[in-house]
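Q: Please take a close look at one strand of this model and its setting. Then work outward to the sheet, the core and the ring pairs.

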Amino acid sequence: TITAGSVTFGGTVNSDFNTRALTINASGDTVFSGAVGGFAALSNITTDAGGSTRILGGSVRTAGDQSYGDAVVLGSDTTITGNDVTFGSTIDSSTTATPSALTVNSVGSGTTNFAGDVGGSKALKSITTDASGTTRVGANMTTTGGMTFNDVVLVYSDSVMRDTGTT
């Protein structure tokens, strides 16, 4: 567990020979500049509701769950792979000039949960989920290049899904 004002990982983040959990409680930004779990997956990743998580390295992979309690900002096309993946707050691209794509692969029968608006401030290029598991949608989603949900989708709150078709 890391508790700090802000946390920046300037390179890759991997487990050692044992899968390890990573919990970050930061009131400011948590920044992943490189791939997370690319060489050796972490067991779980959890961020608290304060601040934001900036994913710049393009991929986050865990053997277990991922839970983002704070706002997530994508700085590049990003693939998230884990069992249950929960976005408890908003997800946005870092810029409107070059929106980022989000692909979520739930392992086995995992659940992907979108609880906050996606692309509300800065639209994502696209959203894609894999065929296993379930996607739960409880917020509005905006993309510029489409949404593809290959798994079962459960809408649990009034939601608007909008693609502007600009990319």
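**One strand and its surroundings**

A: Serine 126 counts as buried because its relative accessibility is 16% (buried is under 20% relative accessible area, exposed over 50%, partly exposed in between; 1.4 Å probe, protein chains only). The model is predicted: local features need pLDDT of at least 70 and side-chain atom pairs pLDDT 80 or more, while totals for chains, interfaces and linings use all residues. Residues are numbered from 1 along each chain as its sequence is written, and side-chain values use heavy atoms, without hydrogens or water.

Serine 126 belongs to strand S15 (strands are DSSP runs of E, at least two residues, numbered from the N terminus). Beyond its neighbours within four places in sequence, serine 126 is in contact with Ser100, Ala101, Leu102, Thr143, Gly145 and Gly146 (contact is heavy atoms within 4.5 Å).

Strand S15 is part of an open sheet of five strands, in the order S7-S10-S13-S15-S18 and with parallel pairing (two strands pair if DSSP finds at least two bridges between them). Strand S7 (59-61) and strand S18 (147-149) are the edges, each pairing on one side only. Elsewhere in this sheet, five bridges join strand S10 (residues 78-82) to S13 in the parallel sense. Threonine 78 has leucine 102, in S13, as its bridge partner.

Strand S15 (126-129) is followed by a loop that leads to strand S16 (134-137) and holds glycine 133. Although 25 residues separate glycine 133 from glycine 108 along the chain, their C-alpha atoms are 6.4 Å apart. Setting aside residues up to four places away in sequence, glycine 133 touches Ser106, Gly108, Ser109, Gly110, Asp151 and Val152.

Leucine 102, one of the contacts of serine 126, also leads into the nonpolar core. The largest such core has 27 residues, and Leu102 is among those with the most contacts inside it, together with Tyr68, Ile80, Phe87, Ile91 and Phe114 (a core is a set of buried Ala, Val, Leu, Ile, Met, Phe, Trp, Tyr and Cys joined through side-chain atoms within 4.5 Å). At least two core residues come from each of strand S2 (7-9), strand S3 (21-26), strand S9 (71-74), strand S11 (85-87) and strand S13 (101-106). S3 gives the most, three residues. Isoleucine 91 touches Leu102 and Phe114, and its other contacts include Val72, Leu74, Val118 and Leu124.

Side chains alternate along S3: Leu22, Ile24 and Ala26 are buried on one face, whereas Ala21, Thr23 and Asn25 point to the other and are not buried. S3 runs parallel to strand S1 (residues 2-4), joined by three bridges, with isoleucine 2 opposite isoleucine 24. S3 also pairs with strand S5 (residues 44-47) in the parallel sense, over four bridges, and there leucine 22 has isoleucine 45 as its partner.

The structure has three aromatic pairs (rings of Phe, Tyr and Trp, its six-membered ring, with centres within 6.5 Å; planes under 30 degrees apart are stacked, over 60 edge-to-face, the rest tilted). Phenylalanine 9 and phenylalanine 32 are stacked, because their ring centres are 5.2 Å apart and their planes at 5 degrees. Phenylalanine 32 is buried, at 2% relative accessibility. Phenylalanine 87 and phenylalanine 114 are also stacked, with centres 5.5 Å apart and planes at 10 degrees. Phenylalanine 87 lies in strand S11 and phenylalanine 114 in strand S14 (residues 111-114), so this pair ties together parts 27 residues apart in sequence. Ring pairs join Tyr68, Phe87 and Phe114 into a cluster.
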